[in-house]
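Visitor: Could you take me closely through one part of this model, going slowly and saying what each term means as you use it?

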Amino acid sequence: MRVKLTLYVGGALALLLCSILVGLSFGGANVPIGKTWSILLHQIPFADDLLGPRPVADGTGDPDETIILTVRLSRVVLAVLVGAALALAGAGFQGVLRNPLADPYTLGVASGASVGAAFLILFGLQTWIGIWTIPSVSFVTGMATLFLVLRLAYHNGKMELETLILSGVVIQAFFGAMVSFMVSLSNSVVNEIVFWTMGSLSMRGWSHAGVVLPYVVLGAFALIAYGRELNLFALGERQAMHLGVHVQRTKLVVLVVSTLMTAAAVSVSGVIGFVGLVVPHLVRLIVGPDNRIVVPVSAIVGGVYVLLADTIARMALSPKEIPLGVVTAFIGAPFFAYLLWKRKTRGAEEKT
Amino acid sequence: MVDKNNNAWTKIGVWILVAVLAIGLAGCGNGSNGSDSNAGPSVTASASPSPSASPSAAPSETSSAQESGPAQTTYPLALTDATGTEVSFEQAPERVVALAPSETEALFAIGAGSKIVGVDNYSDYPPEAKEIAKVGDMNTNTEALLAMKPDVVFAHASMQAKVVEELRKLNVKVFASDPKTLEEVMAKIETVGRIMDLQDGAKQATDTMRAELKQVTDALQGVAPKRAYMEFSPGWTVGSGEYMDEILTLAGGDNVSKEKTGWFEVDPEAVIQANPEVIVYAHNSEFDLGIPTAIKERPGFDRIDAVKNNRMFPVDDNSISRVGPRLTKVLRDMAKAIHPDKVK
């Protein structure tokens, strides 16, 4: 298992590195690729000794350096973090709910967050308490929605899976309608609410990446630590309990951790669909069902996926930027269908 | 059982509280410098429309035409509108509906305000327009509109293509326009004047516009344009080929996004690289668009000259976003902002 883990995680990391190279090389400002890399390499401590002096006089006046370091690099890092958060959350939800259709948005977090964001945008309160207004409010409403869903599903100290998913669907439908209602009330030239619900990583910065980072790190640790329990969950809750798993505690921890990651990601990037659904499945099709491998590999592949999707979103129709959520769905759905079809024709019958 | 239940809820509550506090703290740290940066120069007063009676006299070449007596429209009048449809008028329309704020403003400017029986929800200028019955937003309430029995409906061709088509199926006479330049806006106002048999009113309106335009172009004769960036809606700017780019250019700005066309979401990298000297943004007095705060908070934007030197100026959101008679006023405001030493 350890060999397998090293192999897959190593492979995924190599893929991530390639994607970061690609993501950093393209952007709206036509900074030559050579210069981009020289700016980046000079950020590594002591690199000056190896590479010789900087080609340009030290940074203060050079806009290219600002562009690469402040705008592009932070966006790339944020894309990787958001992708990792969503994919981890997806792996967590699918594992603990034993439902292949579960994804970070099943439990209504995204629509709850959207209600908060839409409300602020509708009443022009986006900068009410600075640029963090929308992220913090949507985080709070997202979490409140989860609380509501869990409350609905909780009965006699237990949470039935079917009830939980149904509560999620009901709440999601209701809040979705509320967002649509606010969209119809809005009368600005460009409908910002719609754009928010389609997700974007544009014009975020290092501070946004800093907000998501702790959630991803803690979430990854928590889910990896629960990897064994999640494997036993696949046998069914009762069997898992007989094998010594604290079923309710595991469920609670995994759900809360996954939701926190989702809410953090959604609050900075808007709604980016399909990542949490597709990535864990994709990883499972390749590495097998062992959650101890699926969870860490999903995190890395999720980062790769969102980063590449964001690069396409930025570059494909430049100067127009395609909403990120649209790109992730465009790539994700056909690719997922292809994998399913391929697996079917091979006749493999393992359940994911 | 009950105890266990409560215990679990307490746990969830604590988790959520911790998470909310964490993000709340992060928010406060950055929020504080965001809120006081809001105190930009308050130029709201100058953005509000100046009195329509412009002190500057009409150009001399037009005054000779005025002497030849009031121009009359001869009916029947057949015109082809922006959708390529021929619209004919047997007599001057008495009951008019305007489906876009730009059309409402044009009608009022030529003196046809009293003939308007219905407007869309966004028509709020001049103030009298607010008193007129409403017929809905982008989705026009067809029943309400039909009940008004309009002789003609004025609409925006590209933004309301579907509504226009639908109304025509119901045998409602629709005249749709889609001006792309300042010249076309003035031509549209004159066409509306012909339709309404108010050619003098239309001429007065366009003369005022031409005078305002001339005032700006005269003042900026031989003045080098400044690199300028326009944000008309949070995160959106304009490239060449649109009237807003034309206005910005006429105001002595060199649009940093001119190499691209149409309306699009801002590419922050490109703006930082272009390093605009002046930023012009839309400001709505009733609705906080939050553009200047957003600009200052964007990563890397603090390196832009306009932000460093606090050369960011608001223009009236409604005037700049409507292809109506106030475009030249907003042009003058913009020119004042970009070249304060040249345009008074």
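Guide: Let us begin at Asp197(B), which is found in the loop between α7 and α8 (199-219) of chain B, where helices (H or I, at least four residues) and strands (E, at least two) are DSSP runs numbered from the N terminus. This is a predicted model, in which local features need pLDDT of at least 70 and side-chain atom pairs count only at pLDDT 80 or more, while totals for chains, interfaces and linings use all residues. Residues are numbered from 1 along each chain as its sequence is written, and chains are lettered from A and ligands numbered from 1 in the order in which they are written.

Phi of Asp197(B) is near 55°, a positive value in a residue other than glycine. Asp197(B) is buried, with 20 other C-beta atoms within 10 Å; a residue counts as buried with 20 or more such neighbours, as exposed with 12 or fewer, and as partly exposed in between, the C-beta atoms being placed from the backbone. Asn171(B), in the loop between α6 (161-169) and β6 (174-177) of chain B, also has a positive phi, near 65°, but Asn171(B) is exposed, with 7 other C-beta atoms within 10 Å.

Turning to the helix before Asp197(B), α7 (residues 182-195) of chain B packs with α4 (residues 101-109) of chain B at an angle of about 60°, their axes 10 Å apart; axes are lines fitted to C-alpha atoms, for helices over the stretch in contact, and angles run from 0 to 180 degrees between N-to-C directions. The two helices are therefore oblique to each other, a word for whatever is not roughly parallel (under 35 degrees), roughly antiparallel (over 145) or roughly perpendicular (65 to 115). On the side of α4(B), the contact is made by Ala106(B), Leu107(B) and Ala109(B), and on that of α7(B) by Lys188(B), Ile189(B) and Val192(B), contact requiring C-beta atoms, placed from the backbone, within 7 Å. By class, five of these residues are nonpolar, none is polar and one is charged, with Ala, Val, Leu, Ile, Met, Phe, Trp, Tyr, Cys and Pro taken as nonpolar, Asp, Glu, Lys and Arg as charged, and the others, Gly among them, as polar.

Ile110(B) touches, among others, Ile189(B), Val192(B), Met196(B) and Leu198(B), not counting residues up to four places away in sequence.

Note on methods. Contact = placed C-beta atoms within 7 Å.
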